[in-house]
Amino acid sequence: MFIALAICSQGCKKLSNADKLKKSMKPLAKEYLKTNGITDYDSLKIDFVDTVTEMGYANLNSELLEQMEYAYQEQYNEAIANNDLKKADPIQLYINEINRTKADFDELMQSGELKSDGILLFMVTATYFKDGKGEPTIFMVTPDKKALYTLDPFGDNLLYQDEK
């Protein structure tokens with residue numbers, strides 16, 4: 001029995017909290033890949049799990065909206081350059097909605113009401129491997145670690161969940 005304890009003390013490692021958290025994210029990573037049509041891979045590694053606070057959530061949405069605005073603005077400019085008002089008008093409506101939504105998130109961030117601590121979501125960085133080549137991916141998980149969350153600035157805003 002002493003030999004078994006000695007062997008285990010050298011070979012058996014107790015998982016750290018970070019390792020346990022990564023391990024709990026693996027089934028969700030597989031679900032995320034499957035949801036995105038990625039089923040043919042050799043292995044999957046959880047690289048990092050970060051927490052997203054209320055302030056971080058608002059900032060992520062604001063950055064996403066900025067990227068969307070930039071992309072739509074390019075499409076709008078191209079439509080105007082081609083004198084295609086039929087295409088430009090709906091794009092301008094999208095840009096206006098993006099700006100309204102971004103202003104809402106910016107106002108929330110400046111209000112001082114958002115927490116900069118606690119866990120609103122987990123952001124998981126993972127890499128899946130196929131034929132030795134790694135492909136990084138990032139996805140969100142609810143704080144209970146039971147479901148994926150899709151960041152959608154126009155959808156269910158987690159900052160307003162108490163108002164329902």
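Two strands are said to pair here if DSSP finds at least two bridges between them, and with that in mind the tour can begin in this predicted model at the strands.

Select β2, residues 121-130, together with β3, residues 133-141, and you will see two strands that pair in the antiparallel sense over nine bridges. Within this pair, look for M123, which stands opposite M140 of β3. Then move to the turn of the hairpin, where two residues lie between the strands and where D131 takes a positive phi near 55°.

Keep β2 selected and add β1, residues 43-52, which pairs with β2 in the antiparallel sense, again over nine bridges. To find one of the contacts in this ladder, select K45, whose bridge partner in β2 is T127. How many of the ten residues of β2 are buried? Seven of them are, so that the strand is mostly covered.

Next, select helix α4, residues 85-111, whose 27 residues reach 38 Å from the first C-alpha to the last, close to the 39 Å expected at 1.5 Å a residue. Colour A88, I91, I95, I98, T101, K102, F105, L108 and M109 within the helix, since these are residues of α4 that are buried. Now show α3, residues 54-81, as well, which is included in what covers the buried residues of α4.

Finally, step just past the end of α4 and select G112, which takes a positive phi of about 80°.

Note on methods:
Residues are numbered from 1 along each chain as its sequence is written. This is a predicted model: local features need pLDDT of at least 70, side-chain atom pairs count only at pLDDT 80 or more; totals for chains, interfaces and linings use all residues. Side-chain values use heavy atoms; hydrogens and water are left out. Helices (H or I, at least four residues) and strands (E, at least two) are DSSP runs, numbered from the N terminus. The expected span of a helix is 1.5 Å times one less than its number of residues. Buried means under 20% relative accessible area, exposed over 50%, partly exposed in between (1.4 Å probe, protein chains only). Contact means heavy atoms within 4.5 Å.
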